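Biologist: I have not looked at this one before. Can you walk me through it?
Modeller: Fine, ask away once it is on screen.

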Amino acid sequence: MVFKDNFLWGASTSANQIEGAFLDDGKGLSTADVLTQGSKNKERKITMELNPKYIYPNHKGIDFYHHYREDIRMFAEMGLKSYRMSIAWSRIFPNGDDEMPNKKGLDFYHKIFDELHKYNIEPIVTLSHYEMPLKLIKKYGSWRNRKLITFFVRFASVVFREYKNDVRYWLTFNEINAITNNSWNAGGLIIDENENKEKVINQSLHYQLVASAKAVIEAHKINKDNKIGNMILFPIIYPKTCDPKDVLAASNFQNEVLEAGDVQVFGKYPQKVSERNKQLDINITDDDMDILSRGTVDFVSISYYSSLVAESSEKKSKRTLGNVIFGISNPYLVTTKWGWQIDPIGLRLSLRFLYSRYKKPLLIVENGLGTEDKIENGKINDDYRIDYLQRHIKEISKAINDDGIDVFGYQVWSAIDLVSAGTGEMRKRYGLIYVNSNDSGKGDLTRIPKKSFYWYKKVISTKGKSLGNDING
């Protein structure tokens, strides 16, 4: 179970979930900054104006803004070959429509990249990861408005030029296909009752797809060595039974999940989606279609946490939670405390499915277990996380070595504990490094490597040879 020498072993975070310093050095308010704390039983609220009666966990995050040297040193100690991160759009263009970028914001990421390169860690950078300047929502209505294409491409072009010598792997929008079910995080959208929700979402997604394609074109112009990919939320979807109606329902659901991915890879809409867009009267120009055809991605990246099950609409089985998308409960799988079903084989099947469909190199940029961790005698023995990661990495190895699939990297979600995007909690921990902070943001922010930190270090150093039945490697 050996991986190639150049395999990008790594781990992920996002700017809005770790940086904190939400108004420091000229940063503007973002969509993440107005999300209150929630829980697995209570949704996060969106308050367009900050209200002192609420806790806004992203304001502090884990204060990576002031701890980045310590954190990156720990990433290096873990042996990471790569680090998937994001640049906060609101730190570079505080209002989103600014003519000139914020120099202090640019300088901050120069320091990040310098620190990463000091340890030979390859940055993989997402341009928009569930974060965008709040003023773009207030002033323009977010991605409903075609003007946002211009603002996003300006932002992308600035960072492509600024970090031309620092970054060669780029992603455009995080989980771009999540806008249907998570329209605030993925698109900055609040949809009024009197609006046609389907039209608003598909119009906004179209403008994002054009912006993504334009960014791909610009990235290649600015540096021919740039590799730029998309990023889609992907669960493999099983039919509940062999009833052809269930099989058809699963196939339809899978195609819906991949609508945006199809456009980013093939440069055009599937016929069924084109027909729906016409019926919805989506504003799509000939120039848009030309841009989409020219701005196709170099590789496909995914988040994978669990699989889903679908059935015919005639049936009403018990539902289970997932990463933004819900499905039918699978009785053959174990479910986490937050309702996500664990399916390592589903990752191998996902890689098979995507490689067969797209014939593009694949990068796994999110895969991990969110759950509560306990400190006992100064240590965090997260054997459950090791078991989750080990089983998934084994399936990746089978996909590469037995199925011949081109997977060139794997990023654990997450490198370090962070604010959960879904619930706004700290207790739902994903990190390989523990951060002493609770749901209210209280704690001294001490960093403690978990048992999974040392386990992953051994996996990386042995190129996967240490993967075995023993969770200690």
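Biologist: What do β13, helix α14 and β14 make?
Modeller: This is a predicted model, and in it β13, α14 (residues 383-401) and β14 form a β-α-β unit that is right-handed.

Biologist: How many bridges are there between β13 and β14, and in which sense do they pair?
Modeller: Three bridges, in the parallel sense, with β13 covering residues 362-366. One pair to look for is leucine 362, whose bridge partner in β14 is valine 407.

Biologist: And β1, how is that joined to β14?
Modeller: Through five bridges; β1 (residues 8-12) and β14 run parallel. Tryptophan 9 has tyrosine 410 of β14 as its bridge partner.

Biologist: Is β14 mostly covered or open?
Modeller: Mostly covered. Seven of the seven residues in β14 (residues 407-413) are buried.

Biologist: Switching topic. Which residues touch the most other members in the largest nonpolar core?
Modeller: Tyr109 and Tyr456, in a core of 135 residues. Helix α8 (residues 197-222) gives the largest share of this core, with 13 residues.

Biologist: What is tyrosine 109 in contact with?
Modeller: Setting aside neighbours within four places in sequence, tyrosine 109 contacts Ala15, Glu19, Met85, Ser86, Ile87, Ala88, Arg91, Ile92 and Tyr163. Apart from the largest core there is another one of nine residues, including Ile124, Tyr169, Met231 and Leu363.

Biologist: Back to α8. How far does it reach from first C-alpha to last?
Modeller: It reaches 37 Å over 26 residues, close to the 38 Å expected at 1.5 Å a residue.

Biologist: Why is α8 said to be largely enclosed?
Modeller: Because 19 of its 26 residues are buried, α8 is largely enclosed by the rest of the structure.

Biologist: What goes on at the start of α8?
Modeller: Asparagine 196 has a side-chain oxygen within 3.2 Å of the backbone nitrogen of glutamate 198.

Biologist: Give me one residue in α8. Is valine 200 buried or exposed?
Modeller: Valine 200 is found in helix α8. Its relative accessibility is 10%, and buried means under 20%, so valine 200 counts as buried.

Biologist: What does valine 200 touch?
Modeller: Not counting residues up to four places away in sequence, valine 200 touches Arg144, Leu189, Ile191 and Glu195.

Biologist: And where is tryptophan 143 relative to valine 200?
Modeller: Tryptophan 143 and valine 200 are 57 residues apart along the chain, and their C-alpha atoms are separated by 8.8 Å.

Terms used. Residues numbered from 1 in each chain as written. Predicted model: local features only at pLDDT ≥ 70, side-chain atom pairs only at ≥ 80, totals over all residues. Heavy atoms only, no water. Core = buried A, V, L, I, M, F, W, Y, C linked by side-chain atoms within 4.5 Å. Buried < 20%, exposed > 50% of the residue type's maximum accessible area, 1.4 Å probe, protein only. Helix = DSSP H or I, 4+ residues; strand = E, 2+ residues; numbered from the N terminus. Contact = heavy atoms within 4.5 Å. Expected span 1.5 Å × (residues − 1). Polar contact = N/O pair within 3.5 Å; in protein donor to acceptor, adjacent residues only side chain to side chain. Pairing = 2+ DSSP bridges. Right-handed = clockwise from strand over helix to strand, strands pointing away.
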